[in-house]
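Follow the description below with the model open in a viewer. The ligand surroundings come first, then one strand and its neighbours.

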Amino acid sequence: MKLTEIVALVKFQKPDFSPVRRRLASSHDIHALRLAARKASPRPVFDYVDGGADDEISMAANEHAFTRRRFIPFALTGVAKVDPSTTIFGQSLALPLVLAPTGLTQMMHSAGEKSVATAAKKHGLPYTLSTLGTTSIADLAAAEHGDLWFQLYVGKDRERSLALVDEAADHGYKVLVIAVDTPVSGRRLRDMRNGLTLPPALNFKSIAGIAIRPGYWLRMLTSPGMSFENLKIKGSTVRELKGAAAWFDPDISWEDIEVIRKRWKGKLILKGPLGVADARRAVDLGVDGIQLSNHGGRQLDRTVAPLDLVAAVRAEIGPNVTLIVDSGIRSGADIAMALALGADAAAIGRAYLFGLMAGGEAGVDRALTILSTEFTRTMQLLGVTSIKALRDEGPNLLTD
Ligand SMILES: Cc1cc2nc3c(=O)[nH]c(=O)nc-3n(C[C@H](O)[C@H](O)[C@H](O)COP(=O)(O)O)c2cc1C
């Protein structure tokens, strides 16, 4: 064969000179995005996202809960057309997936919350802004976004806490999510070792770590300073995060939930590792949904994996209360597993943050594309064509 004939057979790809695009294009699953995030981020920042509380027992157990169970697929059901969309609280979602709240998002990438909300919109998914977000309720509502939810940490300053609830309502946030697993913040040893404590302190060691990732640092230096925009309390910049740790109230109780239930007219979710009795109490008190979560293993270490609570909590609260599960979701198959066990939707934290760290908005987009493609393929391979079928047939599709 002549060289000219060989050349005619070879398809040359245009070289891509953008390292970010190359990094994202070669990340084919969330685990690869995690590695890309590690390469792109200073160690203390990566560890802040990647790490968990104490011995990280819960964090590891969360992922294990998803990989322990096995599917028994239905054969020959005709899966050329599958519909992965669903409805939560009357809102249509392209996938049974919600982006969970994560504080300090601009520390991961200067593009911050706005870029996450924009990518979520593109994928037809709701995004939850955290009380400890680095973008205010109003600013995010003014940016490009789809459905927005707001997550509240009930602070010692009850007046300000309730003002946040009102602000979220005024700006059209659809769902209020109250996190009940943070009466005090968990102890994150990686952050302590790295000198990035909560509150993170920018000491000599953490600055040295940050400096070896010039791309990250350049973005940070050329963006406006970061602060806890929703707290608006003195000294709440990332340099002096004393404000955040002081915000948490160890005295938060069921009475607070009652007060907020009366005040918030929209849908209300409690987020935490709620056992059967607490889930029942929440529903009796008038909450509309439960988000089973152990904060991705960042709060009480050795907490039960939320996935392991799904079946029992669903049996207790019945079919009509919305049930979401997070902590440990790294693939579309994990989402399918959560639904087969009885959840209405899954939520992700680190999965989209890894994307954000690896490539800003394009990275979040990549993470959501990966999860959406994986979920649809899992439905096809399971032999189910709708979310209703996946939910209804769940018990027949799973074995321990
Ligand atoms: C870096 C980081 C920050 C977080 N910040 C918050 C927060 O401000 N409020 C909250 O309710 N949960 C927060 N979470 C917990 C997430 O909402 C979610 O429960 C958790 O990430 C799910 O586990 P996964 O990361 O394994 O998906 C945070 C999680 C991470 C990783």
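**Ligand shell and strand 9**

The shell around the ligand is made up of ten nonpolar, eleven polar and four charged residues. The coordinates are those of a predicted model. There are 25 residues around the ligand, and those that come nearest are Ala 100, Gly 103, Ser 130, Gly 296 and Gly 349. Two or more residues of the shell are given by each of helix 4 (43–50) and helix 18 (350–382). Helix 18 supplies the largest share, three residues.

The second part of the description concerns strand 9. This strand covers residues 289–292, and its side chains alternate: Gly 289 and Gln 291 point one way, Ile 290 and Leu 292 the other way. Which of these residues are buried? All of them, on both sides of strand 9, are buried.

Strand 9 has strand 8 (residues 267–272) as one partner, and the two pair in the parallel sense over four bridges. In this pairing Leu 270 stands opposite Ile 290 of strand 9. The connection involves helix 15 (residues 276–284), which together with strand 8 and strand 9 makes a right-handed β-α-β unit.

Strand 10 (residues 322–326) is another partner; it runs parallel to strand 9 and is joined to it by four bridges. Here Gly 289 stands opposite Thr 322 of strand 10. Helix 16 (residues 310–317) is the helix of a right-handed β-α-β unit that strand 9 and strand 10 complete.

Strand 9 therefore can be read from both sides in the viewer: Ile 290 stands opposite Leu 270, and Gly 289 stands opposite Thr 322 in strand 10.

Technical notes. Residues are numbered from 1 along each chain as its sequence is written. This is a predicted model: local features need pLDDT of at least 70, side-chain atom pairs count only at pLDDT 80 or more; totals for chains, interfaces and linings use all residues. A residue is near a molecule or strand if its C-beta atom, placed from the backbone, lies within 6 Å of it. Ala, Val, Leu, Ile, Met, Phe, Trp, Tyr, Cys and Pro count as nonpolar, Asp, Glu, Lys and Arg as charged, and the others, Gly among them, as polar. A residue is buried if 20 or more other C-beta atoms lie within 10 Å of its own, exposed if 12 or fewer, and partly exposed in between; C-beta atoms are placed from the backbone. Two strands pair if DSSP finds at least two bridges between them. A crossover is right-handed if, with the strands pointing away from the viewer, the path from the first strand over the helix to the second runs clockwise.
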